[in-house]
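Biologist: I would like to go through this model and hear the reasons behind the labels. Please set each value against its cut-off.

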Amino acid sequence: MAAEAAAEASLARLSPARKQPEREDDDEENPEGGGESAALNGVVVPGKEKSSNLDVKVTESELETEGKGTEEESTRESDSNILDVSSDYPREKHISIQRHLADLEKLADLKEDEKKPCPLCPEEKFKACYSHKLHRHLQNLHWKVSVAFEGYRMCICHLPCRPVKPNLIGDQTFSKMGAHYHCIICSATITRRTDMIGHINRHVNKGETESRFITVPAPKSSHEVLKESATDVQVLPNYSTPQKTDSYFNPKMKLNRQLIFCALAVLAEERKPIECLDAFGATGIMGLQWAKHLRSSVKVTINDCNENSVTMIQENCHLNKMKVKLHTKEEDNDEAMGDGGENSDTIEVTKMDANVIMHLRSFDFIHLDPFGTSVNYLDSAFRNVRNLGIVSLTSTDISSLYAKAQHVALRHYGCNIVRTEYYKELAARIVIAAVTRAAARCNKGIEVLLAVALEHFVLVVVRVLRGPSPADDSAKKIRYLIHCQWCEERIFQKEGNMVEENPYQQLPCDCHGSMPGKTAVVLGPLWSGALFNTGFLRRMLFEAVQYGLDEAQPLLKTLVCEADCTTLKHFSIHSLYDENKQEECGVYIKTPNTSAESYLVHGKRKSDEVIRNAAKRQKSENSAEHPAFYYNIHRHSIKGMNMPKLNKFLNYLSEAGYRVSRTHFDPMGVRTNAPLAQFKTILMKYSTPTYLGGQAEGPVHLPEDVKAGEQVQAAADSKAGDAEFLEDDKSGVAAAMFTKDYPTHCAAD
């Protein structure tokens, strides 16, 4: 009778959903009724013996399991309000999730005179012990390495909750059971503590916290509104660490967006209106800035293949009071472009692959900013871009470009690189070489307008020149680089297909003769041409000043000085917009007495002959381009000597007759046409010994006549170095420009 009473009490606790199928099965087996009561009372009904025995066995097994779990249920009732994400009903939290250490000790039921097992470890792993030892075990092993979340502690669990792979020896399966954590939100089991912390952080970024699941419906996560350059954009709470289906917004790329905006603003002044494409819109912040500031000068198209991103772009357009035209099918493109010019505040939003939209339509300005490398989109970008249009691309795969993953650079860009002191400029030349090859496959050449390599990205802006001749001229500028690994000297290989007997002779240094073994490596193929266009950069600086882009102005000033290879004190910002317009290859044909508006071509393209003639004329005018690469002053410092200040050292190099400037690639870098040997000679001359660091920089403890003699000798050495430099240079125009730029220095020497 006691067993029957316990059975009835346990069955009464079962859920109605669980008892209902049992009634139906029993009714079907016993249509006359009374089958259930017979099964409960353990009475065997004639003719139904088999089914009744099965019911009795199932009932007894359930009673045993529920009888064992009665003690655990009494300890869980206090904290059973956490819900499971995968279900709609409340679930009980795992016993490894507790608020205090005392709650964990209650599970063990510590008694001084009895041995108790650990509630979170199997008996094979931790045998039963007395209370003092079990207390230390719970505190040091489980509680100390727990993960905290909203007052709860997710302790490490060694119970066989997580399926593990079978071992080779079956007896050791339970002894080697892996430890794991139970998530308080989604009840997932995770092995490592760091992974568990990241898992909880992802829940928090999505808004999936305990309080959210206690509420009845799961509301949409609240959007955060950010403002950049007078443009509002709403982002998800996890915009800094997005999931695959979320939109990404990086505040650190603000400088990148300002540089691209300045380039587009310069192009918008040349011809109006222009069709521009942001191929990877994400939140749409870049396209919104284009449309909001440039207005009727541009027709903006924002594209993204992610449906959630397209939805967010539409919401951001409405937030900035812009009208939206959404097109997700390729057949609707022509119809979409028909109404684009009627309203300047209309932004076209497309949902398709970036390669598809660039193959289907033509644009004047294309910006590529994928996640990682952009080499997969270069062919389609140059396929339909209009003549004299601009293609800008941002590469964020800096691990491969900065020679940290050299095999990835070889796979993506086909370049062999090593880590050097000028690795950032090397990265920019790698990307430009890939761009040049992609444009040449479409019978197009390029002119590099801007190349920037900073901590997080590499930005390249090029102008497209249609025709096989510009394509051939651009392809010829892709060459290999010989780099000496001992002294860091470098030089591009000479043009030609003939194999040289001794390539080391091309290097200015003599490390191969004085050092045993091989001392140089061949890097590339790389872009060997100019990285900047002075006229375009000056106009970008003018646009940055006009639109109040404060972060881009210092960088653009540095770029202008770097393109001219001059110091900041010789730089003037007066009449930025009207100066040096003729320096841009194939864009303007400037006559001596023409105004600024006279050489703007609205909507029409110049003939190939005019472009070719203009390119030849600009080539002769810009023959003295900036020197390739730079030297780091700290890298070549002399041990035991105090170096001069960087600005003073630039003056010393300039006084010696060399072109010199600072570079944005390296804050301590010096871009100069001086050979490395002469660079080190001047650096050593004006360095002071360490013990005389308090004295003034320059030659110390020398009389005036000795100083004058050394200056005359240094001037003679500089003249000899200049003569060698001019002899090595094949271009007589470059020699003429070199002597023309520095007549005062030569007279003073």
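Modeller: We can start with a sheet in this predicted model. An open sheet of three strands runs in the order β19-β22-β21, and its pairing is antiparallel.

Biologist: What makes β19 and β21 the edge strands?

Modeller: Each of them pairs on one side only.

Biologist: How do you know that β21 and β22 pair?

Modeller: Two strands pair if there are at least two bridges between them. β21 and β22 have three bridges, in the antiparallel sense, so they count as paired. Within this region, Arg-662 stands opposite Val-670 in β22.

Biologist: Now the rings. How many aromatic pairs does the structure hold?

Modeller: Ten. One of them joins Tyr-630 and Phe-665, with 6.0 Å centre to centre and 5° between the planes.

Biologist: Why is the pair of Tyr-630 and Phe-665 called stacked?

Modeller: Ring centres must lie within 6.5 Å to pair, and planes under 30 degrees apart count as stacked. The values for Tyr-630 and Phe-665 are 6.0 Å and 5°, so both conditions are met.

Biologist: What does the pair of Tyr-630 and Phe-665 tie together?

Modeller: Tyr-630 lies in the loop between α23 (608-621) and β19 (631-632), while Phe-665 lies in the loop between β21 (660-662) and β22 (669-672), so the pair ties together parts that are 35 residues apart in sequence. Both Tyr-630 and Phe-665 are buried.

Biologist: What makes Tyr-652 and Tyr-686 a stacked pair?

Modeller: Their centres are 3.7 Å apart and the angle between the planes is 15°. The distance is within 6.5 Å and the angle is under 30 degrees, so the label is stacked. Tyr-652 lies in helix α24 (residues 646-655) and Tyr-686 in the loop between α25 (676-685) and β23 (688-689), so this pair links parts 34 residues apart in sequence.

Biologist: How do you know that Tyr-652 and Tyr-686 are buried?

Modeller: Buried means under 20% relative accessible area. Tyr-652 has 16% relative accessibility, so it counts as buried. Tyr-686 has a relative accessible area of 15%, so Tyr-686 is buried as well.

Biologist: Which residues do ring pairs link into a cluster?

Modeller: Tyr-422, Phe-492 and Phe-629. In addition, Arg-429 lies over the face of Phe-629, at 5.0 Å from the ring centre.

Biologist: Where does the charged end of Arg-419 sit?

Modeller: Over the ring of Tyr-423, 3.8 Å from its centre. The distance part of the rule asks for within 6 Å, and 3.8 Å satisfies that part.

Biologist: What makes Glu-150 worth a remark about its backbone?

Modeller: Most residues other than glycine have a negative phi, and most peptide bonds are trans. Glu-150 is not a glycine, yet its phi is positive, about 50°. Glu-150 is placed in the loop between β2 (147-149) and β3 (152-154). Ala-282 is also not a glycine and has a positive phi, about 60°. Ala-282 is in the loop between β8 and α11 (285-294).

Biologist: Are Glu-150 and Ala-282 buried, partly exposed or exposed?

Modeller: Under 20% is buried, over 50% is exposed, and in between is partly exposed. Glu-150 has a relative accessible area of 42%, so it is partly exposed. Ala-282 has 18% relative accessibility, so it counts as buried.

Biologist: Which peptide bonds are cis?

Modeller: Among them is the bond joining Lys-272 and Pro-273, with omega about -15°. Pro-273 is found in the loop between α10 (254-270) and β8 (274-278). The bond from Gly-524 to Pro-525 is also cis, with omega near 5°, and Pro-525 is found in strand β18 (residues 520-527).

Biologist: Why is Asn-303 called buried?

Modeller: Its relative accessible area is 0%, which is under 20%, so Asn-303 is buried. Asn-303 lies in strand β9 (residues 298-303).

Biologist: What makes the link between Asn-303 and Thr-350 a polar contact?

Modeller: The side chains of Asn-303 and Thr-350 are joined at 2.8 Å, and the cut-off for such an N or O pair is within 3.5 Å. A polar atom of the Asn-303 side chain also lies 3.1 Å from the backbone oxygen of Ala-279.

Biologist: How many helices and strands does the protein have?

Modeller: It has 28 helices and 23 strands. Buried residues make up 46% of its 749 residues.

Note on methods: Residues are numbered from 1 along each chain as its sequence is written. This is a predicted model: local features need pLDDT of at least 70, side-chain atom pairs count only at pLDDT 80 or more; totals for chains, interfaces and linings use all residues. Side-chain values use heavy atoms; hydrogens and water are left out. Rings of Phe, Tyr and Trp (its six-membered ring) pair if their centres lie within 6.5 Å; planes under 30 degrees apart count as stacked, over 60 as edge-to-face and the rest as tilted. Helices (H or I, at least four residues) and strands (E, at least two) are DSSP runs, numbered from the N terminus. Buried means under 20% relative accessible area, exposed over 50%, partly exposed in between (1.4 Å probe, protein chains only). A charge sits over a ring if NZ of Lys or CZ of Arg is within 6 Å of the ring centre and within 35 degrees of the ring normal. A polar contact is a pair of N or O atoms within 3.5 Å; within protein, one must be able to donate a hydrogen and the other to accept it, and residues adjacent in sequence count only if both atoms are side-chain atoms.
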